[in-house]
Amino acid sequence: MKIEFLGLLLSGTLLIACSNPGPAPNAVGSPTPSPSPAVTASPMPANAPADETAENDPGFEGTAGNTEKKNPNATGSAILKDVRSARHGTYDRVVFEFEGKELPNYKIEYIDRPVRSCGSGEVVPFAGDAWLSVRFSGANAHTDAGEATVKDRVRSPNLPIVKDLKLICDFEAEVEWVMGVSSPNKYRVMELKSPTRLVVDIRH
């Protein structure tokens with residue numbers, strides 16, 4: 001009788017174990033992967049016109065050389081009123097907005113360090129491994145009373161390419177901004193109207 005009772009008890013235990021399987025263990029050396037963190041793009045500024053927010057030819061070729069243009073229709077000194085920067089899908093975009101209908105003359109180029117302020121000659125530090133200069137001739141970033149028209153003159157947008165963005169010159173109708181970028185990637189330049197803007201896109 002004892003043997004029969006033990007046999008029945010063992011059979012019942014096995015039946016319960018088979019009908020209630022526990023969770024299957026992971027394979028050795030293959031832990032359960034955690035979900036990848038979401039990549040969040042920098043938001044576009046709220047005051048950006050619609051033609052700045054759309055992805056525009058994300059596969060552009062661009063250049064790493066100098067870009068220079070003289071505007072024969074420019075008169076007087078153009079007033080720089082705003083500077084915006086944002087991340088797009090495959091490039092970072094920096095926008096320089098001016099009052100009036102005409103852009104001033106401009107020159108864009110990668111420059112060597114050290115970067116110096118045009119007024120004091122002091123060295124201006126930048127993050128990144130390269131420095132892209134955007135220089136406007138016949139332009140001001142201040143009013144006749146000397147008030148700044150672009151108040152944030154030192155910025156750290158920390159985008160994929162554009163890390164720093166600083167005004168290093170606003171003197172005698174010369175305005176120069178320099179971008180500290182993570183690498184000297186190719187860029188492109190576009191001129192937009194309504195309002196008048198110069199757009200610089202740098203590929204990721």
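In the predicted model, phenylalanine 96 and phenylalanine 136 are both buried. Among the five aromatic pairs counted in the structure, these two rings form one that is edge-to-face, with 5.4 Å from centre to centre and 65 degrees between the planes. The pairing connects distant parts of the chain, since phenylalanine 96 belongs to strand E3 and phenylalanine 136 to strand E5, 40 residues apart. Both residues also take part in a single aromatic cluster, which is made up of Phe96, Phe98, Phe136 and Trp177.

Phe96 and Phe136 recur in the description of the nonpolar interior. The largest nonpolar core comprises 30 residues, and those with the most contacts inside it are Leu80, Phe96, Phe136, Trp177, Met179, Val200 and Ile202. At least two residues of this core are supplied by each of the strands E2 (78–87), E3 (91–98), E4 (105–111), E5 (130–137), E8 (162–171), E9 (174–181) and E11 (196–203). Apart from this core lies another, of seven residues, which include Val115, Val124, Trp131 and Ile168. In soluble globular proteins, nonpolar side chains tend to be buried together. The surroundings of leucine 80 were examined in detail. With residues up to four places away in sequence left out of the count, leucine 80 touches Phe96, Glu97, Phe98, Asn140, Ala141, Thr149, Val150, Val175 and Trp177. Two of the residues listed there, Phe96 and Trp177, are also named with Leu80 among the core residues that have the most contacts.

A search of the whole structure yields one disulfide. The bond joins cysteine 118 to cysteine 169, with an S to S distance of 2.2 Å. The link is right-handed, with 85 degrees about the S-S bond. Distant parts of the chain are thereby connected: cysteine 118 lies in the loop between E4 and E5, whereas cysteine 169 is located in strand E8, 51 residues apart. The two partners fall into separate exposure classes. Cysteine 118 has a relative accessibility of 37% and counts as partly exposed, while cysteine 169, at 4%, counts as buried.

Two cis peptide bonds are described here, each preceding a proline. The bond from arginine 113 to proline 114 is cis, with omega near -5 degrees, and proline 114 is situated in the loop between E4 and E5. The bond from serine 194 to proline 195 is likewise cis, with omega near 5 degrees; proline 195 lies in the loop between strand E10 (187–192) and E11.

Positive phi values occur at two residues other than glycine considered here. Asparagine 158, in the loop between strand E7 (154–155) and E8, has a phi of about 50 degrees. With a relative accessible area of 57%, asparagine 158 is classed as exposed. Alanine 173 occupies the loop between E8 and E9 and has a phi near 60 degrees. At 22% relative accessibility, alanine 173 counts as partly exposed, because the buried class requires a value under 20%.

Placements of charged groups over aromatic rings were also found. The charged end of lysine 166 sits over the ring of phenylalanine 126, 4.9 Å from its centre. For arginine 188, the charged end sits over the ring of tyrosine 91, at 5.1 Å from the ring centre.

Methods:
Residues are numbered from 1 along each chain as its sequence is written. This is a predicted model: local features need pLDDT of at least 70, side-chain atom pairs count only at pLDDT 80 or more; totals for chains, interfaces and linings use all residues. Side-chain values use heavy atoms; hydrogens and water are left out. A nonpolar core is a set of buried Ala, Val, Leu, Ile, Met, Phe, Trp, Tyr and Cys residues joined through side-chain atoms within 4.5 Å. Buried means under 20% relative accessible area, exposed over 50%, partly exposed in between (1.4 Å probe, protein chains only). Helices (H or I, at least four residues) and strands (E, at least two) are DSSP runs, numbered from the N terminus. Contact means heavy atoms within 4.5 Å. A disulfide is a pair of cysteine sulfur atoms within 2.5 Å. Rings of Phe, Tyr and Trp (its six-membered ring) pair if their centres lie within 6.5 Å; planes under 30 degrees apart count as stacked, over 60 as edge-to-face and the rest as tilted. A charge sits over a ring if NZ of Lys or CZ of Arg is within 6 Å of the ring centre and within 35 degrees of the ring normal.
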